[in-house]
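Please open the structure in your viewer and keep the selection tool ready, because this tour moves from the whole chain to a few chosen places.

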Amino acid sequence: MPDHFFLAIGECMVELAPATDGLFRMGFAGDTFNCAWYARRLLRADWSVGYATAVGTDAVSDDMLAFMAGEGVETGAIRRIEGRTVGLYMIALKDGERSFSYWRGQAAAKAMADDPDWLDRVFAGRDLLHVSGITLAILAPEARERLCAALARARAAGARVSFDTNVRPRLWADADEMRAGLMLGASVADTVLPSFDEESAAFGDASPEATVARYREAGATTVVVKNGAAPIRLWAEGMEAEIAPEPVAQVIDSTAAGDSFAAGFLAARATGAAPPEAVRRAAALAAAVIQRRGALAPDIFAPEGAALKAAP
């Protein structure tokens with residue numbers, strides 16, 4: 001029986017990723033689900049890792065739940081909604097950088113926060129909750145408020161909340177709504193995981209230090225500002241540091257770089273690592289991920305990649 005419970009909240013989608021000869025490989029992925037997938041491989045057996053979302057009742061939704069369960073991610077916190085399905089996205093790659101095309105008109109995940117009682121039930125008893133800016137962006141404004149209110153209640157009851165800002169402007173109605181939504185998410189979080197290029201574009205931050213200061217003021221106790229190949233800026237409960245990530249010779253596919261970083265950092269902290277060491281482990285995992293295609297990279301956790309796992 002697990003002693004600790006991690007729950008990621010968001011949208012998992014059908015992923016079509018480039019393969020060869022103009023063909024695409026089908027899988028299942030999505031930012032917070034990617035984080036849960038990597039966290040399951042990093043955390044010890046005394047941790048349960050689950051996913052909270054809504055899916056349809058069709059065959060592809062069945063396949064998604066079977067995939068999650070087969071990967072060790074608990075599905076008991078997933079609602080099924082008649083007449084809905086799951087979203088789909090397709091990746092295009094150029095020089096290792098990805099762009100996306102989305103189809104999510106009937107995605108059940110957009111209704112995941114319609115029932116506040118359900119949110120309270122699935123958040124109850126969790127040690128760690130993880131959510132992202134994408135999770136908030138796909139919800140209607142009133143549903144976004146309901147989700148953040150439920151996260152605040154869970155936090156008050158003892159859960160720790162992590163928020164990856166994952167800024168995607170085209171998912172929001174406009175820039176003002178986006179900034180307000182991101183700051184709402186940050187206001188209910190203990191840990192905020194922004195990327196400086198996105199924060200600079202969205203908020204006009206002049207430096208990673210300015211990003212840290214803004215999220216500290218929102219109430220976070222830990223802020224980790226990723227900055228590409230530049231040093232990562234860490235502020236954790238009064239301690240500040242800059243940690244340089246190891247250089248990567250060639251970026252093959254940057255998909256899930258931030259998601260795997262979040263999993264690496266949260267898993268390391270959950271198993272007792274100090275914040276700077278957690279950043280180093282997270283950066284090492286993200287570096288390995290971006291040298292592979294697709295969001296999920298199981299070969300990293302083969303015996304030769306065992307050093308990426310959280311310490312026992």
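Begin by selecting the whole chain and colouring it by burial: buried residues, meaning those under 20% relative accessible area with a 1.4 Å probe and protein chains only, make up 54% of the 312 residues. What you see is a predicted model, in which local features need pLDDT of at least 70 and side-chain atom pairs count only at pLDDT 80 or more, while totals for chains, interfaces and linings use all residues. Residues are numbered from 1 along each chain as its sequence is written, and side-chain values use heavy atoms, with hydrogens and water left out.

Next, switch to a cartoon view, where the chain shows ten helices and 13 strands, which are DSSP runs (helices H or I, at least four residues; strands E, at least two) numbered from the N terminus. The radius of gyration, taken over C-alpha atoms, is 18 Å, close to the 20 Å of the globule rule (2.2 Å times the number of residues to the power 0.38), so the chain is as compact as a globular protein of that length. If you display the C-alpha trace alone, it spans about 50 × 50 × 45 Å along its principal axes.

Now select Cys 12 and show its sulfur. Is Cys 12 buried or exposed? At 3% relative accessibility, Cys 12 counts as buried.

Then add Cys 35, which is also buried, with a relative accessible area of 0%. Its sulfur lies 13 Å from the closest cysteine sulfur, in Cys 12, which is too far for a bond, since a disulfide is a pair of cysteine sulfur atoms within 2.5 Å. By this rule, the count comes to zero disulfides.

Definitions and conventions:
Buried < 20%, exposed > 50% of the residue type's maximum accessible area, 1.4 Å probe, protein only.
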